Each structure stands twice: as structure tokens, then as C-alpha cells.
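Colleague: Could you take me closely through the helix packing in this model, starting from a single residue and working outwards to the helix pairs? I would like one connected account rather than a list.

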Amino acid sequence: MKTNPIKMIPAWTGLIALSLSVAILARPAAQDAEPKTDKEKAKLEQQQEREKARQERDAERAYQKAKALAEKSQWEDALKAFDQAIQKGGSRADGALYWKAYSQSKLGRQAEALTTLAELRKSFPDSRWLNDGQALEVEIRQASGQPVNPDNQADEDLKLIAINSLMHTDAEKALPMLQKLLEGQQPPRIKEKALFVLSQSGSDKAREIVANFARGKGNPELQLKSLEYLALFGGKESRQVLADVYASSTDKKIKKSILGFFMIGGERDRLLAAAKGEKDADLRGEAIGQLGVLGARAELFEMYQAESEVKVKTKILDALFVGGAADKISDLAQNEKDAGLRRAAIEKLGLMGSKTTAETLVMVYGSEKDKEIRKKVIEALFLQGNAKAIVEIARKETDPELKKKAVEQLSIMNSKEGTEFFEEILNK
């Protein structure tokens, strides 16, 4: 007769389980809600920060999707999309409210647009979209009682043609017209084109107008465009505006963009100052990366030697790699005291793949005692496709684990040296 194993469990185990359940249910909710240790508090804060970042990314995607629809003059779809962006909140909520009102005005819903603009003023009294909102409100009120064409695409094309023609006219006559376009209620591409024309002008007045937008006196999107145009076409004065905006801005996106513009302008000193003095870790890393693109090898290596934080040293090592500083990385592969950084330097040498770096790797393997670092050297030689060096290691190595590592790498290289070595082993 078969015995049911469940029935054989003693009854007291059920009582224990029941008691535990009651105890858990009876435990105060606050005990679960409040972290007990600093470590738990830090973990909770990290989770909250990740969730906040995720929500901001979702809001940004919703905003950009709505903007793309507006750029195509698909106003009904854009209106719905801006509503969704507003619901998601985030740093783009005020911009989404403005564009919602703009979409409503394009659809002839002037009363609704005015209500939306009132909501923008109430919810975001310090928004940089308020000036554009005010201009839109004036236009709507002036057109009160008149039908609004939901698609003025033809008029916008005419404006673009007119702006292009201004490039070949007298700057003094063109400036008031361009400034009026920028201050009026025009689509973004019209304003961007006006800024583009102004940025190419040698006029002090034109540069002043672009600089004002770069300093944030217009909406945020035009500020980025203004900064970009100053970096591309500006001289010493324009580069100083970029530096001033970087120093005064609290907008991380703006500051990160300016660091990229410093790189375009070859501003090593300003990038170096940010790499050394910037308090924000992400911005500091961005500045270090841009120095790598500029090939500032000596400056980066000097920073590396003075730096104590491993995370920052890793960023600098990455920048040295981007800058092609094989000699500096070879030095670190041989002399860096931190094992993790040494392994990173060795990996970079493998990716650089030159005769000099190969010689350095072989030298490191011969003098190194740390088994993990020696494995890293084998992997780096594999990345270089240096089967000859790996065969030499496999022949001489007496440590079974390291010898196996070398043979495993050779087995997937499909090289002449590897094939000859395997034949040699089989014929013994």
C-alpha cells in the first residue's frame, strides 16, 4: 500500500508555518517600509533615482514623438501626443504645454489654446517658454473671430525662401527682419534658419542676437541651436559666450553639449579645466572623453598620475585609448599598482594592435607574477591576432592553467602558427 508523503508530515510543522504567517502579518507596516541600515537606505535611494531617471526618459521620448508629428504638420496626432507627454511630466512638461497650445491654434481651436497657455503660466511661472507663449497668445487674440488655417505649410516655405535670400542682402537691412522672425510666432525650423543666417554674419549686432539666445533668453531648443552655431561659425568672442554659458548654467544637458562644442573648437584649456574642476561626475567624464578625442595625451596622462579615484582613472584610460596614446598605456600596463587598472590597460593594448604594443605585452607576461594579469595578456595577444606570441607562451609555460588558456585561444584563431603547434603536440 502506497503512503501519501504529504500525510506523513507531522502536524506540528503546520502549526509552525501558521505561527510564522501570523507573525509576519502582525508585523507593523512601518517596519517593512523603513530601511534599517545605511546600506538599505542607500539601496532605496538608488532605486528611487533609477525610477526617476526611467520616468524622465519616458517623458523625453513622448515629447520628441509629439514634436516629430508637429514638424510634419500632423496637428491632430500631435495634439494627442503632447497630451500624453504632459501626463508623463518631466523636464519637458512646460514645452509640451506650449506645443499643445500651438497645435490647438493650428486646428482653429483658439479658445482651447488660450486655456492651455493660461495653464502654462500657472503651472510653470518661471518657464522659458513663457515668451513664446505670450507671442502665440497675441497672435491668437489678434485673429479672434477669423478662421485659422490648420496647415500653413505653403506660407512657411515662402518664409524659408525669404530667409535664404537674406544671406545675399545687406546685413543691416536683413537684421531687423530676422530678429522679427525670431521674436514672433514662427515654427522652430524657421527660427533655426534665422539663427543660422545670423551666426554666419560678421555683424556685431547679429552676434549679439545669437549670443542672447545662447544665454537662454529664448526657448531651450533654440538655446542649443544658438550654442551650436556659435561653436561652428564663431570666433574668440563666440567661444567666450560658450564659456560664460557653461559657467552660469545649471542645465546638465546644456553643459554637456557645450563640452562637445569646446572639442569642436579645439578648446583644450577649457576642457581640461572642466575635467579637473567639474563637480558633476558625468560632466567631468564627458570633458575627459572630449580631451581624448582632441588627442590631449600629455594632459590626460598628467591628470591620471595626479588622480586618486579609480573610476576617474578608468575614464582617463579610456580617453588615452581614444587618443591613441599607446606609449602612455604601455607605461600603465607595466607600472600601474592597481590590478584592475593594469588589466584594463593591457586590454587596451590588445585592441591597439601594433608591433610596439605586442612587444610590451610579451614583456609584461614575462615579468608578471599575478596569474589573472597573465591571463589578460594572453587575451590581449588574442585580440591582436598574435598567434606567434601565444605559441611561444604555450611552449614555455609550466603552469597547467595558463598553458590551457593559451591553447584554448590558439584553438579558435585558425592560424598557421597554431596549426603547426598542435601538430607538434600530437606527434610527441
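Modeller: In this predicted model, Ala96 lies in helix α5, which covers residues 93-106. With a relative accessibility of 0%, Ala96 counts as buried, because the cut-off for that class is under 20%. Leaving aside residues up to four places away in sequence, Ala96 touches Tyr63, Phe82, Ala85 and Ile86. Ala62 can be placed relative to Ala96 as well: the two are 34 residues apart in sequence, while their C-alpha atoms are 9.4 Å apart in space.

Further along the chain, helix α22 (residues 371-384) deserves a similar look, beginning with its length. At 1.5 Å a residue, the 14 residues of α22 should span 20 Å, and the end C-alpha atoms are indeed 20 Å apart, so the expected and modelled spans agree. The buried residues of α22 are Ile373, Arg374, Lys375, Val377, Ile378, Ala380, Leu381 and Gln384, a list in which Arg374 and Lys375 count as charged. These buried residues of α22 pack against α20 (339-352), α21 (355-367), α23 and α24 (400-411).

Of those partners, α23 (residues 387-396) packs on α22 at an angle of about 150 degrees, with the two axes 8 Å apart. Since angles over 145 degrees are classed that way, α22 is roughly antiparallel to α23. On the α22 side the contact is made by Ile378, Leu381 and Phe382, and on the α23 side by Ala389, Ile390 and Ile393. By class, the residues of this contact between α22 and α23 divide into six nonpolar, no polar and no charged. Ile378 and Leu381 also appear among the buried residues of α22.

The pair formed by α16 (residues 281-293) and α18 (residues 310-322) can be described in the same terms: these helices pack at an angle of about 20 degrees, with their axes 7 Å apart. Because an angle under 35 degrees falls in that class, α16 and α18 are roughly parallel to each other. Their crossing is right-handed. From α16, the residues Arg284, Gly285, Ile288, Gly289, Gly292 and Val293 meet Val312, Lys315, Ile316, Ala319 and Val322 of α18. The contact of α16 with α18 comprises six nonpolar, three polar and two charged residues; Gly285, Gly289 and Gly292 are counted as polar here, because glycine is placed in that class.

Terms used
Residues are numbered from 1 along each chain as its sequence is written. This is a predicted model: local features need pLDDT of at least 70, side-chain atom pairs count only at pLDDT 80 or more; totals for chains, interfaces and linings use all residues. Side-chain values use heavy atoms; hydrogens and water are left out. Axes are lines fitted to C-alpha atoms, for helices over the stretch in contact, and angles run from 0 to 180 degrees between N-to-C directions. Helices (H or I, at least four residues) and strands (E, at least two) are DSSP runs, numbered from the N terminus. Angles under 35 degrees count as roughly parallel, over 145 as roughly antiparallel, 65 to 115 as roughly perpendicular and the rest as oblique. A crossing is left-handed if the near helix is turned anticlockwise from the far one by less than a right angle, and right-handed if clockwise. Contact means heavy atoms within 4.5 Å. The expected span of a helix is 1.5 Å times one less than its number of residues. Buried means under 20% relative accessible area, exposed over 50%, partly exposed in between (1.4 Å probe, protein chains only).
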